[in-house]
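Let us take a walk through this structure together. We will begin with some rings and then move on to strands and empty spaces.

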Amino acid sequence: MRTVITGGAGFLGSHLSDRFLAQGHEVVAIDNLITGSLQNIEHLRSNPSFSFIRHDISHPIEVDGTVDVVLHFASPASPVDYLRHPIPTLKVGSLGTHNCLGLAKAKKARFLQASTSEVYGDPEQHPQTEDYWGHVNPIGPRGVYDEAKRFAEAMTMAYHRFHEVDTRIVRIFNTYGERMRLDDGRVLPNLMGQALRGEPLTVYGDGSQTRSFCYVSDLVEGIRRLLDVDYHEPVNLGNPNEVSILDFAKEILELSGSKSPIEFKPLPQDDPKVRRPDTTRARSLLNWEAKVQRKEGLKKTLAYFQDRVKSGS
């Protein structure tokens, strides 16, 4: 099997590269490094089954030889990143998805679109099921990411229905683990980085908003299983164990041993108040559920971030 992974030098893309190489696939990682890092794939560069192409998938690309699977994971994924790169975020969700689907069509390859829980916006349904259409502000600051992913889903379904491309869509809820960037702006690296540096932990609003955190190995397993079933509509993958951001900050303080205070700041515009996946579809379709307990996953991630803080990287 030969698998193309866009965003292959990113957090999730690099873990997927590990997994598919371990399964005996040849992996072609594509990344323009706007938010990815060569450090994430340095351990793979000597593997003869791995190759890396530096390229912006918003521009057309040809991949020589056979391709069996295309995983489209290229996109800024944190508010800090997509607010810093709003136009590239929209382009990679639209033009990039179009190019990746064109590659899959030309190669008769299976295609998987990495979508997100952000397609549900600030939800009025809780927990979120795949048949919920969402509550999204299309012209708000977060719209560049939310609408890019919603468009990518529409494009994926259009290619499946019109061109009969063998497609999959995964809606990814908050995922964490090693190789996240300390400065990527998401809540977990923000709080861990602040705790390790002895800075006040930033909690937005009163901290009552909730998130559900899935460890990266669980997510990768779910994606692998999704590729193996004949199902084309979206599937939620995430850990339904919900926690308030204030309680989450307290967990990180306890785990790290930090004496940092908690500092409250105004809630950003359109920030979701709740976030928890309904994973009924994944359980029945994939026989999958998240297995790594939050405390266990946080310990592994904290150790990784401790090394990053020490090395200054």
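A good place to start is Y304 and F305, which are both buried, where buried means under 20% relative accessible area, exposed over 50% and partly exposed in between, with a 1.4 Å probe and protein chains only. Before going further, please note that this is a predicted model, in which local features need pLDDT of at least 70, side-chain atom pairs count only at pLDDT 80 or more, and totals for chains, interfaces and linings use all residues. Residues are numbered from 1 along each chain as its sequence is written, and side-chain values use heavy atoms, with hydrogens and water left out.

Y304 also has a charged companion: R308 lies over its face, 4.7 Å from the ring centre. A charge sits over a ring if NZ of Lys or CZ of Arg is within 6 Å of the ring centre and within 35 degrees of the ring normal.

How many aromatic pairs does a search of the whole structure find? There are 7, counting rings of Phe, Tyr and Trp (its six-membered ring) whose centres lie within 6.5 Å, with planes under 30 degrees apart called stacked, over 60 edge-to-face and the rest tilted. One of these pairs is formed by Y120 and F173, a tilted pair with 6.1 Å centre to centre and 40 degrees between the planes. Y120 sits in the loop between β5 (110-116) and α4, while F173 sits in the loop between β6 and β7 (175-176), so their pairing ties together parts that are 53 residues apart in sequence. Y120 counts as buried at 0% relative accessibility, and F173 counts as buried at 1%. Returning to Y304 and F305, their ring centres are 5.7 Å apart and their planes meet at 55 degrees, so this pair is tilted. Elsewhere, ring pairs link Y176, F213, Y215 and F248 into a cluster.

Now look for the strands. Helices (H or I, at least four residues) and strands (E, at least two) are DSSP runs, numbered from the N terminus. Strand β4 (residues 69-72) is covered on both faces, with V69 and L71 buried on one side and V70 and H72 buried on the other. Strand β1 (residues 2-6) runs parallel to β4 and is joined to it by 4 bridges; two strands pair if DSSP finds at least two bridges between them. I5 has L71 of β4 as its bridge partner. β4 also pairs with β5 in the parallel sense, over 4 bridges, and here V70 stands opposite F111.

What about empty space? On a 1 Å grid over the protein atoms alone, a cavity is a set of points where a 1.4 Å probe fits but cannot get out, and a pocket is an open set with protein on both sides within 12 Å along at least five of seven lines; lining residues have an atom within 4 Å of a point. The largest cavity has a volume of about 50 Å³, a volume being the space filled by probe spheres set on the grid points. H72 is among the residues that line this cavity, and α3 (86-107) and α4 each give two or more residues to the lining.

The second largest pocket has a volume of about 320 Å³. Of its 15 lining residues, E130, W133, E153, R171 and P234 are the closest to its centre. The largest share of this lining, 4 residues, comes from α4.
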